Structure formats: structure tokens, C-alpha cells
Amino acid sequence: MPHSTKPNMARSSHLVVSTATALLLLLLSTCSCRAASSSGKNPTAVVLPVRKDGATSQYVTSFRQRTPQTPVTAVLDLGGATLWVDCDPGSYASSSYARVPCASKPCRLARTAACATSCVGAPSPGCLNDTCGGFPENTVTRVATGGNLITDVLSVPTTFRPTPGPLAAAPAFLFACGAKFLTEGLASGAAGMASLSRARFALPTQLAATFRFSPKFALCLPSTTSAGVVVFGDAPYAFQPGVDLSAGSLLYTPLLVNNVSTAGVSSKGDKSTEYFIGVTAIKVNGRVVPLNATLLGIDKQGVGGTKLSTVAPYTVLETSIHRAVTDAFAAETAMIPRVAAVAPFRLCYDGSKVGSTRVGPAVPTLELVLQNEATSWVVFGANSMVPAKGGALCLGVVDGGPAPRTSVVVGGLMMEDNLLEFDLQRSRLGFSSSLLFRQTTCNNFRLG
């Protein structure tokens, strides 16, 4: 077991401890990793395929890791601190892994006081001495544990269509060793979670530092019936048939920093590494919803505001905001027959009485107003309505309770078939609104 000033955190939730695992974005120059590709040159971009798991509504990716190369499946997470995978005996075998020593620069950058010193038995990724300790967290179940920080080869594709490949290798990609129990609640076959957060050892920053491309990524989440992609670095945003969103096609809004960590395991003084945006109002069918606007801001305790989450399948609203939005939506849809609510939703309709459009069910739009009236994220039926049992069609927002940590959590459904560009260098989010308007989807992304 690691020797640490931190308490035992196995199977713990919402812990506050003496050191940080959610780290701020640091300069690329802190990384000394070397990259390898089939051409011998650094790629300008790398990609990860994304699919939606039907059973859990989680977004799952795959890549190759270890020596010999082994396919690994992980759940994507816009939060989290780093990639973590199950390293229990029999789960992880590689000839190229290496420990992160306790006194090393990467361990200092991780700002963790945990250090494994008393492991007995044959050395393995999960049993190493003088090894920096991390605290991998399942952000779906909010369970965390202690685990070694190690490095190994990580290989990712440089093209996406017609097939992923060739591969570019990060020879010393840092990640955390989790445990088998930590994968409970994840999509079937997932061995861990892949963090896309701002954190120093999350995928965006590590890949940018390794391959020396811009610290940004584009996320295009699929619906149940299609495939999606994460693009790291500098690449054209091209979709079939002939749709290019690379230049001047996105709206931009600042990415805000919550000065108080929202991670399950954190230290006093840590800032959040999740992605917050400055929603100033919510509209239904173009009309402003009356609500307590102070809830849309982030207070000094880090409470409130709006963040984006891929582990929340639907958008989660503080109780009074949820009531105001659903009441406004009900008023705008008075002519559509209602049916009994289907949990976890409050507002459901007879799906046979709802028309269809290019952008999904013919229902009023939802609108997140950002820094000004000209910058709004408009949400159409494909991203707001959920088919439910008995032919019901429900408004896909859920009640997050009267005192949540974050007032508005934009969930996966609202982001599907939208192109989102997270530019960490400029600290801004670019968004396209629904690709269905352009007669394309995330499944039609092309790179290569």
C-alpha cells in the first residue's frame, strides 16, 4: 500500500484531501516525452473514435496501449484528472511500463504526497515501490481509490476515414492504475476512463506536449446509431458531403475557470479542471425563461454556473431552474397531447402526435444565451427530446435537486451531432449547433 499523508480513499466519494489530483494546465515545455509515428515525423493531429453505449448512454473510445500493443476500451470524460485503467493482477501485462518515481519531476507536477513504499510480492503495475501515487476516480459512480502513476506506450490513429490509422505512439504516456472494482458502472468492456479535462496529465495536454501540436481538441459525440470522433491538434473539420467547419463556421464563448475544484478527490485551493461556460439566460422558443439568474454564476465557494459533462447522459438543472424550464416548455407545447411522466423526466408527450423535422422532433427550441444575445447555443428536438417506453417522447432535462454543486450540467444528449472545439490555449469553446441542419452528422467526419 502507498505511504501517504492522505487517508484511505478506496470506494470513497466527494473526498477532500491534503494534495491535488486535478491539476491545472501547465506549459507544454514541462513534458520531455518523445513521439514516434510511421513517417518518423510528429503528426499535426491524432484522433480517437467514439461510440455511444446503448445500455449506459456513455461515450466509449478505444486505443492501443502497452507492449505488445493491446486494444483498450475506456469511457470518455470531460472531467477527471488523467487516463486510468484497471491494473489488477491479470488485467495489465506489458514489457514497456515504467514507474513514476516519487522524487521525479512528473510526480512533483502531479502535486501528490502519495508514495508507494511497502508493496510486497512480485513487481507489477499495481505493486511497485518508490512510485508516485495517484487517485483514479470513476466519475460516473463517484468512487475513487489510490493507485500507482506509471507510464507506458500509448498509440492513437492519425486518420479517421476510411479506417483509423496509421498509428502515432506516445512512448511514455502517464496514467493512473485503477482497480477492477472501479470499473463497476462503466459500459461493458471498459477498462477505465479517459480524461479530456484541462488537467496536466489528461489526454489533451499530454498529447499536445508529446506531439508538439496545439493544445486543443474537437469533440463530436455520436447518437446511438452513428459513430463520432475526438480530434486532438490541428486538423480541418471536414464532413461529408462537402461540409467544412474549419474557418469562420463556429461560434465562440470563453471557457471559464471555477476557482474551487469540482473533482471528487481534491485539495483546498485547487481549481476545477472541468469546462465551465458563462450561460446568462435560458430561452424556450425564443422567450426568456424567468429564473434566479444568480444561480447561473459561480460563487466564491465554487457553487453554481454551467459545465459540460459527457458522463451525464441528460442535462441536469437545479430544481427551480428545472421547474421554470419545464413549465415554459409545457406552455409552448400546449397543443401536443401529454402522457404520464416517465422517470427521470417530468414532461412527456404522445410521440405519435409530434411532427418530425431535419433536426429532430418538431418541438420548441431551447437556447443557452452566453456572453450576449448574438452568441447562443440553440438546441433543437434531436438534442432535447428522448424516446421513452410506451411511445412517449420526453423533454430530456432532469431535476438535479435544490442545492447541487453546479446549477446547470449540459449532458451528452445536448452535445450529440454538434462539433465542439475546446481550445485550451485561448481558453474558449467553439460550437456549431446541430450538424443535422447541414445534412451531416458526426459519423461523416473525415480526416486523412
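Me: Which residue in β19 does A238 stand opposite?
Reply: In this model, which is a predicted one, A238 stands opposite D244 in β19. The two strands involved, β18 and β19, pair in the antiparallel sense, and that pairing runs over 2 bridges.

Me: What sheet do those strands belong to, and in what order?
Reply: The sheet is an open one made of 3 strands, ordered β19-β18-β39, with antiparallel pairing. Because β19 (243-244) and β39 stand at the edges and each has a single partner strand, one side of each is left without a neighbour in the sheet.

Me: What's between β18 and β19, and where does P241 fall?
Reply: P241 is found in the loop that lies between β18 and β19, and the peptide bond leading into it from Q240 is cis, with omega near 0°.

Me: Which other bond is cis, say around A343?
Reply: The peptide bond from A343 to P344 is cis as well, with omega near 10°, and P344 has its place in the loop between β27 (338-339) and β28 (348-350).

Me: Switching to rings, how many aromatic pairs turn up in the whole structure?
Reply: A search of the whole structure finds 11 aromatic pairs. One of them is formed by F239 and F445, an edge-to-face arrangement with 5.4 Å centre to centre and 75° between the planes.

Me: Why would that pair tie together separate parts?
Reply: F239 lies in strand β18 (residues 238-239) whereas F445 lies in strand β39 (residues 445-446), so the contact between the two rings ties together parts that are 206 residues apart in sequence.

Me: Are those two buried or exposed?
Reply: F239 counts as buried because its relative accessibility is 3%, which falls under the 20% cut-off. F445 likewise counts as buried, at 0% relative accessibility.

Me: And what about Y275 and F422, what is their geometry?
Reply: Y275 and F422 form a tilted aromatic pair, with 4.8 Å centre to centre and 55° between the planes. This pair links distant parts of the chain, with Y275 in the loop between β21 (265-266) and β22 (276-277) and F422 in strand β37 (residues 418-423), 147 residues apart.

Me: Buried or exposed, those two?
Reply: Y275 is buried, and F422 is buried too.

Me: Which residues make up the cluster with Y275 and F422?
Reply: F217 and F232 join Y275 and F422 to form one aromatic cluster.

Me: What lies over the face of Y252?
Reply: That is R428, which lies over the face of the Y252 ring at 3.7 Å from the ring centre.

Me: Backbone now: what is phi of N285, and where does the residue sit?
Reply: Phi of N285 is near 55°, a positive value in a residue other than glycine. N285 has its place in the loop between β23 (281-284) and β24 (287-288), and with a relative accessibility of 36% it counts as partly exposed.

Me: And D417, what's its phi?
Reply: For D417, phi is near 50°, again a positive value in a residue that is not glycine. D417 is placed in the loop between α4 (412-415) and β37, and it is buried, with a relative accessible area of 8%.

Technical notes
Residues are numbered from 1 along each chain as its sequence is written. This is a predicted model: local features need pLDDT of at least 70, side-chain atom pairs count only at pLDDT 80 or more; totals for chains, interfaces and linings use all residues. Side-chain values use heavy atoms; hydrogens and water are left out. Rings of Phe, Tyr and Trp (its six-membered ring) pair if their centres lie within 6.5 Å; planes under 30 degrees apart count as stacked, over 60 as edge-to-face and the rest as tilted. Helices (H or I, at least four residues) and strands (E, at least two) are DSSP runs, numbered from the N terminus. Buried means under 20% relative accessible area, exposed over 50%, partly exposed in between (1.4 Å probe, protein chains only). A charge sits over a ring if NZ of Lys or CZ of Arg is within 6 Å of the ring centre and within 35 degrees of the ring normal. Two strands pair if DSSP finds at least two bridges between them.
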